[in-house]
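Q: I would like to learn how to read a model like this one, feature by feature. Could we start with a single side chain and work outwards?

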Amino acid sequence: MKDKCGVVGVRFDGEKNSDAAALYIYYALQALQHRGQESSGISITNGTSVISDKGMGLVTDYFTRERLQKLAGYAGIGHVRYSTTGGSRLENSQPFTVTYKNGTIAIAHNGNLVNYRELKKELEAQGRIFTSDSDTEVIAQMLARELIRNDIVEAVRETMKRLVGSYSLVILIGDRVIGVRDPLGFKPLCIGRVDSGFVLASESAAIDTLNGELVRDVAPGEMVVLGEKIESHKLIRCRNHAHCMFEYVYFARPDSIIDGKLVYKVRHTIGQTLAAECPTKADIVSPVPDSGITSAIGYSTGSQIPYAEALIKNRYVNRTFIMPGQQMRETAVRLKLNTVRSNIDGKNIILIDDSIVRGTTSRRIIDLLRRGGAREIHARIGSPPIISPCYLGIDMATRDELIAAHKTVKGVEFLIGANSLYYISLDGLVNSIGIPQEDLCTGCLTGVYPIEIPGEKCEDKQLKLNQFVPE
């Protein structure tokens, strides 16, 4: 699974760091690289014009010293992308810039709009021309339309009223950097203070990278404007929220704080909860690196079974081309992971992973451990079975491809080749996160979504989306 994107916004005040915004964004985007590896981009203003540069690949691969030097300015936004809506092409990379009567807008988006096709048709009927098939350009065009007849606050409010789905936005209008989070708070967005300025970022780890101080999260339905101080506008309120539970299980860095919760602590508690819910005798507890590491430490703490690494990850391998033949596919797996034979030979292993999607990777990893000499392998999973696709910003398999949508736990256990399989309970996950279930999005686990999606069941909370509260 891949998350859609990471976003950053930086605004400095005064002479100090007056041309350094791009460099700060560059380092923050590196800290968010795990959220998207397909493309990266930066838009900067020096107070008179907006300069943008974006390209395919990793932040460090595309942005050279020369490119950054051309992006001189004191305010700007940045983006790293993994596509969910819109293909992996340069024209879909962000930030998007749109020129309108009063100037230029640059916008970057983490999330996914459910109704973007409907909105795009409406805008095309009004004569708007699109250069991409990304839902972010739809947001940019809608905002540009509203800015012609409203001030910035009302323009953002009117735009939000039409958007259905998940979105955390950073927007550059003039020399103002704006952050917007959708009313249900699907995707994270936080505010930090750096030397003589402020930062918006998808995760607090990016603020830490800049030696900044986390101020707070942007609230669901809130718009913030960065200037000499933080200006806040509560535009839309809902009775409940719908924070993505997978941010805590898998996507976010463990050193990030999201909506007041340290991700490391959540994952450690997930491991302890797994140990309490399903006590199992074994010689070692071992993670599937990297996402299972913190939960495996928690399981070891809770069970008093020693922690040891059965698998070592080659962190210099990102993607492998499609290899024909089973032997070559197995080589690709070994290129990414290798066993520590002395830790596993003749041992009973509790193997901790964050989730099982299709089951093919789990099966190959368990085969690898058995060839390394493991006697028994007991798979313990830090999320309940994934039975439904995500429509809100996670690139996930279709329902037909989700192994748990069609197999019992015993059936999945057999197919992945484990001696036993246990998923954390939904209550156990919710308690580990520490946020009430009514304020979490668990659609991929339950098949019931917090907003209306054609052909899917939805919760009551989406009915509250039409209750717009004045500022």
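A: Gladly, and keep in mind throughout that this is a predicted model. Let us start with Arg 145, which is buried because its relative accessible area is 10%, and buried means under 20%.

Q: Which residues does a network of shared salt bridges join to Arg 145?

A: Salt bridges with partners in common tie Arg 145 to Glu 122, Glu 146, Arg 149 and Arg 162 in one network.

Q: How do I read the individual pairs in it?

A: A salt bridge here needs a side-chain nitrogen of Lys or Arg within 4 Å of a carboxyl oxygen of Asp or Glu. Glu 122 and Arg 145 meet that way, at 3.2 Å from N to O. Their bridge links distant parts of the chain, since Glu 122 belongs to helix α4 (residues 116-125) and Arg 145 to helix α5 (residues 135-149), with their positions 23 residues apart. Arg 145 also forms a salt bridge with Glu 146, at 3.9 Å from N to O.

Q: Are the two glutamates buried or partly exposed?

A: Glu 122 has a relative accessible area of 25%, so it counts as partly exposed. Glu 146, on the other hand, is buried, as is Arg 145.

Q: How many salt bridges does the structure hold?

A: There are 19 salt bridges in the structure. One of them pairs the side chains of Glu 38 and Arg 81, 3.9 Å from N to O. This pair also links distant parts of the chain: Glu 38 sits in the loop between α1 (21-31) and β3 (39-45), while Arg 81 is in strand β5, 43 residues away. Both Glu 38 and Arg 81 are buried.

Q: And what is the charge count for the chain?

A: The chain carries 56 positive and 54 negative side chains. The centres of these two sets are 4 Å apart.

Q: Let us turn to the backbone. Where should I look for cis peptide bonds?

A: Look at omega. The bond from Gln 94 to Pro 95 is cis, with omega near 5°, and Pro 95 lies in the loop between β5 (75-81) and β6 (96-100). Another cis bond runs from Pro 289 to Asp 290, with omega near 0°. Asp 290 is placed in the loop between β18 (284-287) and α10 (293-303).

Q: Which residues other than glycine have a positive phi?

A: Among them are Ser 196, with phi near 60°, and Asp 259, with phi near 50°. Ser 196 falls in the loop between β10 (190-194) and β11 (197-201). Its relative accessibility is 26%, so Ser 196 counts as partly exposed. Asp 259 occupies the loop between β16 (257-258) and β17 (261-262).

Q: How do I read the surroundings of a residue, say Gly 372?

A: Begin with its place, then its cover, then its contacts. Gly 372 is in the loop between α13 (360-371) and β22 (376-381). With a relative accessible area of 3%, Gly 372 is buried. Setting aside residues up to four places away in sequence, Gly 372 touches Thr 339, Arg 341, Ile 344 and Asp 345. Thr 339 shows how sequence and space can be read together: it is 33 residues from Gly 372 in sequence, yet the C-alpha atoms are 6.4 Å apart.

Q: Could we try the same with Ser 362? What does it contact beyond its neighbours in sequence?

A: Ser 362 is part of helix α13 and is buried, because its relative accessibility is 13%. Beyond neighbours within four places in sequence, Ser 362 is in contact with Ile 356 and Ile 416.

Q: Finally, how do I read the chain as a whole?

A: Start with the inventory: the chain has 16 helices and 27 strands. Next comes overall size. For 471 residues, a compact globule would have a radius of gyration near 23 Å, and the chain agrees because its own value is 23 Å. Along the principal axes, the C-alpha atoms fill a box of roughly 70 × 50 × 40 Å.

Q: What share of the residues is buried, and what makes up the exposed surface?

A: Of the 471 residues, 57% are buried. The chain exposes about 19,200 Å², with carbon and sulfur atoms supplying 49% of that area.

Q: And how much of the contact pattern comes from residues far apart in sequence?

A: Take the contacts with a separation of 6 or more: residues 24 or more positions apart account for 68% of them.

Key. Residues numbered from 1 in each chain as written. Predicted model: local features only at pLDDT ≥ 70, side-chain atom pairs only at ≥ 80, totals over all residues. Heavy atoms only, no water. Helix = DSSP H or I, 4+ residues; strand = E, 2+ residues; numbered from the N terminus. Buried < 20%, exposed > 50% of the residue type's maximum accessible area, 1.4 Å probe, protein only. Rg over C-alpha atoms; globule rule 2.2 N^0.38 Å. Contact = heavy atoms within 4.5 Å. Areas by Shrake-Rupley, 256 points an atom, 1.4 Å probe, with all protein chains shown as cover. Lys, Arg positive; Asp, Glu negative; His and termini not counted. Charge placed at Lys NZ, Arg CZ, Asp CG, Glu CD.
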